[in-house]
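I wanted to see how the helices and strands sit against each other here. These are my notes, in the order I looked things up.

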Amino acid sequence: MAKGHRSQIKRERNANKDTRPSAKLSYARVSVQKACFVLDAIRGKDVQTALGILAYNPRYASTLIEKLLKSAIANAENNNGMDVSKLYIEECYAGSAPTMKRIKPRAQGRAYRILKRLSHITIVLNER
């Protein structure tokens with residue numbers, strides 16, 4: 001454990017904190033694999049291009065990611081005072097969340113297991 005006064009420990013922890021603007025969507029009702037198809041299309045792009053890609057992408061995950069990207073842009077503008085025209089997507093990834101397990105009845109008294117997968121989606125922005 002770190003030695004020193006509690007306020008000194010807090011100050012050191014806050015100094016090491018990541019200051020890049022980001023947004024997280026927890027427990028999104030889309031699988032990680034399907035979310036990654038959309039995230040791969042926008043990774044590294046500037047914000048305006050990414051919003052254009054997401055607006056015309058037919059996948060369900062693109063609507064969720066578009067709202068998340070707009071939230072990250074608002075965080076960058078209001079909390080960090082960054083210029084929106086210089087922003088780009090530095091990191092974007094999806095991680096697995098707890099899976100909802102359901103049962104579907106089948107013939108002759110059997111039951112099949114249905115896995116409804118969830119994901120945690122994160123977008124991190126930065127300025128060029």
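At what angle do helix H3 and helix H4 pack, and how far apart are their axes? I note that the model is predicted. I looked up H3 (residues 47–55) and H4 (residues 60–78) and found an angle of about 155°, with the axes 9 Å apart. Angles over 145 degrees count as roughly antiparallel, so H3 and H4 are roughly antiparallel to each other. The crossing of H3 past H4 is left-handed.

Next I listed the residues of this contact. From H3 I have Val-47, Ala-50, Leu-51, Leu-54 and Ala-55. On the H4 side they meet Ser-62, Ile-65, Glu-66, Leu-69, Lys-70 and Ile-73. Sorted by kind, the residues of the H3 contact with H4 are eight nonpolar, one polar and two charged.

Then I turned to the strands. In what order do the three strands of the sheet run? I read the order as S1-S5-S2, in an open sheet with antiparallel pairing. S1 (22–28) and S2 (87–96) are the edge strands, each pairing on one side only. From one strand to the next I noted an average twist of 15°.

I looked more closely at S1 and S5 (residues 119–127), which pair in the antiparallel sense over five bridges. As one position to check by eye, I wrote down Lys-24, which stands opposite Thr-122 in S5.

Last, I asked which helix packs on the sheet. The entry is helix H2 (residues 32–42), which touches S2 and S5. The direction of H2 makes about 170° with that of S2.

Notes
Residues numbered from 1 in each chain as written. Predicted model: local features only at pLDDT ≥ 70, side-chain atom pairs only at ≥ 80, totals over all residues. Heavy atoms only, no water. Axes fitted to C-alpha atoms, helices over the stretch in contact; angles between N-to-C directions. Helix = DSSP H or I, 4+ residues; strand = E, 2+ residues; numbered from the N terminus. Parallel < 35°, antiparallel > 145°, perpendicular 65-115°, else oblique. Left-handed = near helix turned anticlockwise from the far one by under 90°. Contact = heavy atoms within 4.5 Å. Nonpolar A, V, L, I, M, F, W, Y, C, P; charged D, E, K, R; others polar. Pairing = 2+ DSSP bridges.
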